[in-house]
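The following exercises train the reading of a structural model. Please work through each task before consulting its solution.

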Number of protein chains: 2
Amino acid sequence: MLNASDILRGYTDTIILAQLAKGDSYGYVISKNVQEITCGALQLKEATLYTTFRRLEEAGVIESYWGSESVGARRRYYHLTDDGRKLYEENRADWEKYRDMISALFGMEDEKR
Amino acid sequence: MLNASDILRGYTDTIILAQLAKGDSYGYVISKNVQEITCGALQLKEATLYTTFRRLEEAGVIESYWGSESVGARRRYYHLTDDGRKLYEENRADWEKYRDMISALFGMEDEKR
DNA sequence: CAATATACATCGCCTGTCAATGTATATCGC
DNA sequence: GCGATATACATTGACAGGCGATGTATATTG
């Protein structure tokens, strides 16, 4: 069966980038959003989520800062940099190409778009 | 950038299954077909291709036999088993779901179908 | 006051992809 | 005739990303 973990691989970065493109956010909420959007079918596991944040920040496409909540658990917010936004747009464009290629490879004759 | 190797990951099995669904075939030709279909954008590297054949055969979804060519390099042909065909159909169905989910996660509001 | 939700973090394993390397046969141009 | 290139299969070891397990801490709720 098509495996969710292997599907995720390669898309995790862009999924997070897409969430941040809507505005600054933090791990827990992003994780919940992904579950909601996919009706629970796909999930960014915590280990994956936080290692990905590190990687993206190191790459300079996101920046982080601690939230100023005075109540509840602390939150580390992330912000998309200009480079990050550029990367996001590139990845979206790439996806449209790869998506069509995979459909073609899977023998789906172009129920186009 | 969306990375071709990580895109492939998770789809390689089904790509091969799809090729064999059209009839028995062998590594070299399958590899060429994939390049052709994707205009060279995606490529099943030999190491990947042959290790995947092993994995799929072990899983009982394909079977192999040596070709009877009396000329040229020997060819190992692969044949889709009944289980293989079933898996192929399942993966195609899964793909349609995952494809739409990823599009949604990437913030592509449904230019449907 | 135990259970659950919120929230972040790290370690080490697993698995699939691939570069590098090796083998062997056939063909094509010069 | 011979070097280059195409056809064809195979293995080894490295690498990287996803994740299970585990740990920390605060807030809410029954």
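**Exercise 1: The surface near DNA strand C**

Helix H3 (27-37) and helix H4 (46-58) of chain A, as well as helix H1 (4-8) and helix H4 (46-58) of chain B, each contribute at least two residues to the surface near DNA strand C. The model is predicted: local features need pLDDT of at least 70, side-chain atom pairs count only at pLDDT 80 or more, and totals for chains, interfaces and linings use all residues. Residues are numbered from 1 along each chain as its sequence is written, while chains are lettered from A and ligands numbered from 1 in the order in which they are written.

Task: State which helix supplies the largest share of this surface.

Solution. Step 1: A residue is near a strand if its C-beta atom, placed from the backbone, lies within 6 Å of it. Step 2: Helices are DSSP runs (H or I, at least four residues), numbered from the N terminus. Step 3: H4(B) gives the largest share, five residues. Step 4: Among the 28 residues around DNA strand C, those that come nearest are A:Tyr26, A:Gly27, B:Ser5, B:Thr12 and B:Ala47.

**Exercise 2: A covered helix**

Task: Determine how many residues of helix H2 (residues 12-21) of chain A are buried.

Solution. Step 1: A residue is buried if 20 or more other C-beta atoms, placed from the backbone, lie within 10 Å of its own. Step 2: Nine of the 10 residues of H2(A) are buried, including A:Ile15, A:Ile16 and A:Leu17. Step 3: After H2(A) comes A:Gly23, with a positive phi near 135 degrees.

Terms used
A residue is buried if 20 or more other C-beta atoms lie within 10 Å of its own, exposed if 12 or fewer, and partly exposed in between; C-beta atoms are placed from the backbone.
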